Amino acid sequence: MRYLRLFSLYFQNVFSHRGRPLVYVSTYVISALIYLTFLQGVFHQNANLNTWTLSTVTSYYFILIVAAGTLMMHPEVPIFRDDIEKGELAGRLLKPFSYYWQRFNIELPVRIFQGVSGAVIAYLLTFIYHANLQFHLTFFTALLAFIVILLAYFMCFTFKIILALTALWTTEIRGAQELTDILVTIFAGYIVPVNLLPGILEKVAYILPFSYIIYYPVVAVQGRLAIQTLFSVIGIQIVWLCILGVIFHLMWRKGLMQYSDFGQ
Amino acid sequence: MIISVNHLTKYYEVHQKEPGFSGSLKSLFHRKYYDAKAVDDISFEIEEGELVGFIGPNGAGKTTTLKCLTGLLFPTGGKVSVLGYTPFERKHPYLKQISLVMGQKNQLWWDLPAIDSFLLNKEIYEIPDDTYKKTIDELSSLLDVEDILQVQVRKLSLGQRMKCELIAALIHNPKILFLDEPTIGLDVIMQQKLREFIKTYNEKYNATIILTSHYMKDVEELCKRIIIIDHGKILYDGKLESIVKKYAKSKTITAVFEKPVALEKVKILGELVSFDPRKAIFSVPRNKSNVIASKLLENFPVEDINIEEPNIEEIIRDVFSNKASSV
């Protein structure tokens, strides 16, 4: 109950900025539509590309709008700007509530708000594009897809918080953040679905964690993954989560030992 | 002892850059670092219920000490124990018993009313509903902020925000309150109100309060005990009245006369700070102030006489400048 009440309070904070989540969702919508427009040209030349058709790829980008709004979060921005640069970390550290979960609770309502907004916009776009969103899911594959989404969420959050914590040493993360954004754009399946990437890029995408944050949740929801593949994806996500968890734990401990909280 | 500090040391690694373009270019390839000693081997103990003033010039190490005591900073050396806990471990039972208020930082949600931040703290600190309501009613009444609890924090004045910050910090009735320059930037009336509140809170709840401030009024009105720190070292740790007796070499006697008096007769009594035929101000050795006052009363038509201790600020300034080794 306590965590539910806390979540409710953090959710109230999201509503104080009605415009901001919608602006961010619109960036995902615009970029998804640009990539879709490009691919529509490709699919007019070639009706079937590596199991993708125009219909399924359109569906992919519409679901991508929701996935990007829900799963691709940016807690590193307020962590770096407010907590580390401005010194608000001091107040958070002295609360009897894990910093990780404080930030998690701050981020989750924003993601839900953006996800719902993205879903509404994606649904409206289906009418404009005359798209037929089809989800080839059974109850069991739907359950596994949900687990993939959940693990993707935790992966992204942990990865981004690790990125933010580098500021405890470097005092500046904007370069690293932009580099990460570029890698995410290519390897998470924003530009094209990962299995349409050229040979070496596709291999790199499967090694890096980004495709397990966006691409696999989207294709899992579409129902394009067999049960075996779903289990493999979940296994790899768990491995990544363990690796990220260890890195976070080590960085948190070491970082705080040399944290100086300058400014006051 | 509720707080025990033994040989606490905190160094910061600071990058030293030469000025100018060549200095910037050099630092790209090779950086020089040096250890800035913020706190240098300090020890002290504080009992439950004490209200201790931590004073020192800018960069003395006051805030760093406070941050080590709360667990924000990892000490370079030494041992710190607060309520039986090692602060840096930041265990939840420890954090539920302390609170830190910094005058220049805020913890309230900027875009929501203060009451929402209080509710958040209520859940984080797991405060029962009835205790929470009682505490809020009491504190908001004491600080006179009942009308502004529903107003967005960013629309509050600095003084109002400071009061709400204090309430947020006290919702969980901490045993130890660390106040880092709480009256900074406030007007004189608000400073006085805050001082009264801190005093009342200390008396009512027997809370241990450690206060840092640049305003001597805060220290004079609130603290019986002060710790003076400069360049990371403790220069003085003891009662406020003792520092006056120990370091104030003289007292000031102000005599107002019924009739004009001659300068030649008055100046033999002691060092004159200022004189006009109806009023004379003397600076006299402490141990002779009563004798000189008696002579004034015996030999002159005194209408009013006042013996004052020197300004505490001047005494502290002398302590800083002499870096009293006799502490």
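Start in chain B of this predicted model. Select strands β10 to β13: they form an open sheet of four strands, ordered β11-β12-β10-β13, with antiparallel pairing. Now pick out the edges. These are β11 (271-276) and β13 (302-308) of chain B, and each pairs on one side only. Look along the sheet to judge its twist. Neighbouring strands are turned by 15° against each other on average, direction ignored.

Next, select residues 250-257 of chain B, which is strand β10. Take its two partners in turn. With β13(B), the pairing is antiparallel and runs over six bridges. To find a register point here, select B:I253 and B:I307; they stand opposite each other, the latter in β13(B). With β12(B), the pairing is again antiparallel. Here β10(B) and β12(B) share seven bridges. The register point to show is B:T254, opposite B:I281 in β12(B).

Which helix packs on this sheet? Select residues 289-299 of chain B to see α11(B). Helix α11(B) touches β10, β12 (279-285) and β13 of chain B. Compare directions as well: that of α11(B) makes about 175° with that of β13(B).

Zoom out to the whole of chain B. Colour it by domain: the assignment gives domain 1 as 3-244 and domain 2 as 249-308. How far apart are the centres of domain 1 and domain 2 of chain B? Taken over C-alpha atoms, 44 Å separate them.

Go to another sheet of chain B. Select β1, β2 and β4: three strands make an open sheet in the order β2-β1-β4, with antiparallel pairing. The edge strands are β2 (32-46) and β4 (77-82) of chain B, each paired on one side only. From one strand to the next, the twist averages 30°. Keep β1 (residues 3-16) of chain B selected and follow its pairing with β4(B), which is antiparallel over five bridges. One pair to label is B:S4 with its bridge partner B:S81 in β4(B).

Add helix α2(B) to the view. Helix α2(B) packs on this sheet and touches β1, β2 and β4 of chain B. Its direction makes about 70° with that of β2(B).

Now show both chains and turn to the contact between them. How many residues does each chain give? Chain B provides 27 residues and chain A provides 22. On the side of chain B that touches chain A, select α2 (62-70), α3 (92-95), β5 (98-102) and α4 (114-124): these elements give two or more residues each. The most comes from α4(B), with five residues. Colour this side by class to see 13 nonpolar, five polar and nine charged residues.

Move into chain A. Select helix α3 (residues 54-71) and helix α6 (residues 99-128) of chain A. Their axes come within 7 Å and cross at roughly 170°. That angle is why α3(A) counts as roughly antiparallel to α6(A). The crossing of α3(A) and α6(A) is right-handed.

Show side chains at this contact. From α3(A), select A:F62, A:I65, A:V66, A:G69 and A:T70. Opposite them, α6(A) supplies residues including A:R111, A:Q114, A:G118, A:I121, A:A122 and A:L125. By class, the contact of α3(A) with α6(A) divides into seven nonpolar, seven polar and one charged.

Keep α3(A) and swap its partner. Select helix α11 (residues 215-222) of chain A. Helices α3(A) and α11(A) pack at about 125°, with their axes 9 Å apart. This angle makes α3(A) oblique to α11(A). The crossing of α3(A) and α11(A) is right-handed.

Finish with the residues of this contact. On α3(A), select A:T56, A:S59, A:Y60, A:I63, A:L64, A:A67 and A:L71. On α11(A), select A:P217, A:V218, A:V221 and A:Q222. What classes of residue make up the contact of α3(A) with α11(A)? Colouring by class shows eight nonpolar, three polar and no charged.

Notes
Residues numbered from 1 in each chain as written. Chains lettered and ligands numbered in written order. Predicted model: local features only at pLDDT ≥ 70, side-chain atom pairs only at ≥ 80, totals over all residues. Pairing = 2+ DSSP bridges. Axes fitted to C-alpha atoms, helices over the stretch in contact; angles between N-to-C directions. Contact = placed C-beta atoms within 7 Å. Nonpolar A, V, L, I, M, F, W, Y, C, P; charged D, E, K, R; others polar. Domains from an automatic or database assignment. Parallel < 35°, antiparallel > 145°, perpendicular 65-115°, else oblique. Left-handed = near helix turned anticlockwise from the far one by under 90°.
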